[in-house]
Amino acid sequence: EDGLMIRIKDSALFASGSAQLLPDSKRFADEIAKMLATLPQRVVVSGHTDNVPINTREFPSNWELSSTRAINFMKFLLAEGNLKAERFSAIGYGEYRPIAPNDGSESRQKNRRVEILIMRNNPM
């Protein structure tokens with residue numbers, strides 16, 4: 001209801017526990033950037049994880065991992081396309097906005113994702 005949502009599984013963009021874009025993921029971003037260049041709406045890029053804790057030097061929690069993934073994907077979109085940066089924002093939700101129960105590997109995989117929300121011009 002907020003706009004158009006594009007949902008990408010994290011495995012299409014990142015290696016496990018990483019926020020570096022995979023080389024193959026750049027073709028997704030390139031196509032999305034081309035589409036976004038023709039639109040005037042605001043865009044929110046959000047990162048999501050499952051509920052399996054991460055605790056590394058780079059990512060002390062899922063908050064940092066999801067935020068960094070969202071920021072890195074947004075930065076790539078902006079670098080690839082002729083996009084106005086003021087239209088974009090990035091947010092990390094960690095494990096706190098699941099779309100499936102975190103009760104098995106298959107459902108946890110659904111929760112690991114990046115979403116691109118193209119906002120409506122006139123929200124209802």
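Let's start where two helices meet: α1 and α2 cross in a right-handed way. This is a predicted model, so everything here is read from computed coordinates.

**The helix pair**

Two packed helices are described by the angle between their axes and the distance between the axes. Here, the axes of α1 and α2 come within 9 Å, with a crossing angle of roughly 60°. That angle is under the 65 degrees where roughly perpendicular begins, and the two helices are therefore oblique to each other.

Which residues make the contact between α1 and α2? From α1 come K26, A29, D30, I32, A33 and L36, while α2 brings F73, F76, L77 and E80. Sorted by type, the residues of this contact are seven nonpolar and three charged, with no polar ones.

**The core**

Now for the inside. The largest nonpolar core has 21 residues. Among those with the most contacts inside it are I32, L36, F73 and L77, and these four also belong to the contact of α1 with α2. V45 and I116 complete the group with the most contacts inside the core.

Which elements give two or more residues to this core? They are β1 (3-9), α1 (26-37), β2 (43-48), α2 (62-80) and β4 (113-119). The most comes from α2, which supplies five residues.

L77 is a handy residue to look at up close. Setting aside residues up to four places away in sequence, L77 touches A29, I32, A33 and L36, which are also on the α1 side of the helix contact. L77 touches V45, L83 and F88 as well.

**Two buried spots**

Two other residues are worth a visit, S18 and G92. Here is how they sit:

| Residue | Place | Relative accessibility |
|---|---|---|
| S18 | loop between β1 and α1 | 19% |
| G92 | strand β3 (residues 88-92) | 11% |

Is S18 buried or exposed? With 19% relative accessibility, S18 counts as buried, because the cut-off for buried is under 20%. Not counting residues up to four places away in sequence, S18 touches F59, L65 and R69.

G92 counts as buried too, at 11% relative accessibility. Leaving aside neighbours within four places in sequence, G92 is in contact with G47, W63, S66 and S67. How far apart are the C-alpha atoms of G92 and S66? They are separated by 4.6 Å, although the two residues are 26 residues apart along the chain.

Terms used. Residues are numbered from 1 along each chain as its sequence is written. This is a predicted model: local features need pLDDT of at least 70, side-chain atom pairs count only at pLDDT 80 or more; totals for chains, interfaces and linings use all residues. Side-chain values use heavy atoms; hydrogens and water are left out. A nonpolar core is a set of buried Ala, Val, Leu, Ile, Met, Phe, Trp, Tyr and Cys residues joined through side-chain atoms within 4.5 Å. Buried means under 20% relative accessible area, exposed over 50%, partly exposed in between (1.4 Å probe, protein chains only). Contact means heavy atoms within 4.5 Å. Axes are lines fitted to C-alpha atoms, for helices over the stretch in contact, and angles run from 0 to 180 degrees between N-to-C directions. Angles under 35 degrees count as roughly parallel, over 145 as roughly antiparallel, 65 to 115 as roughly perpendicular and the rest as oblique. A crossing is left-handed if the near helix is turned anticlockwise from the far one by less than a right angle, and right-handed if clockwise. Ala, Val, Leu, Ile, Met, Phe, Trp, Tyr, Cys and Pro count as nonpolar, Asp, Glu, Lys and Arg as charged, and the others, Gly among them, as polar.
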